[in-house]
Amino acid sequence: MQSSATVLVYSDDANTRAQVRLAAGRRPAADVPPVEFVECATLPAVLKALEEGGIDVCVLDGEAVPAGGMGVCRQIKDEVFHCPPVLLLIGRPQDAWLATWSRADAAVTLPVEPVEFAASLAALLRSRLAIGA
């Protein structure tokens, strides 16, 4: 198992980023490595972090402004070679079809529910780390 996993968290709202960090904890599941967070509040910061590499999973806020996480997800899936899996935070369950349109690998609703979020994040980490192994 690698020593740590890097999770990019994109939201213009610092409270949402804090919810994500708290819900994930240091280790979202026993069988995945501890996580380190890269926080981004703007689209250019997200693109720069992805260009630098080393990101294992992206958590994108679908409610972020001016660049919403759904649009950002679709853009990075089109533009980033070997794009990491994306966990999309959506405002309501009815927006799940938009998460599918954006090509997100998983979606959870806001506010972040810690057990659901940690399980979804751990599943994406497992798949990413299995591919990278």
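**Note on helix α1 and the sheet it packs on**

1. In this predicted model, helix α1 is followed by Gly25, a residue with a positive phi, near 65 degrees.

2. At the other end, the start of α1, there is a polar contact: a side-chain oxygen of Asp13 comes to within 2.9 Å of the backbone nitrogen of Asn15.

3. The helix itself covers residues 14-24, and its buried residues are Thr16, Arg17, Val20, Ala23 and Ala24. These buried residues line one face of α1, because they fall within an arc of 130 degrees when the helix is seen down its axis. An α-helix has 3.6 residues a turn, so residues three or four places apart point the same way. Asn15 and Leu22, on the other side of α1, are exposed.

4. The sheet is open and has five strands, in the order β2-β1-β3-β4-β5, with parallel pairing. Its edges are β2 (35-40) and β5 (106-109); each has a single partner strand, so one side of each is left without a neighbour in the sheet. From one strand to the next, the twist averages 20 degrees.

5. What joins β1 to β2? Strand β1 (residues 5-10) pairs with β2 in the parallel sense, over six bridges. Within this pair, Val7 stands opposite Phe37 of β2. Helix α1 packs on the sheet and touches β1, β2, β3 (57-61) and β4 (86-90). The direction of α1 makes about 175 degrees with that of β2.

Definitions and conventions. Residues numbered from 1 in each chain as written. Predicted model: local features only at pLDDT ≥ 70, side-chain atom pairs only at ≥ 80, totals over all residues. Heavy atoms only, no water. Buried < 20%, exposed > 50% of the residue type's maximum accessible area, 1.4 Å probe, protein only. Helix = DSSP H or I, 4+ residues; strand = E, 2+ residues; numbered from the N terminus. Arc of directions from axis to C-beta. Polar contact = N/O pair within 3.5 Å; in protein donor to acceptor, adjacent residues only side chain to side chain. Pairing = 2+ DSSP bridges. Axes fitted to C-alpha atoms, helices over the stretch in contact; angles between N-to-C directions. Contact = heavy atoms within 4.5 Å.
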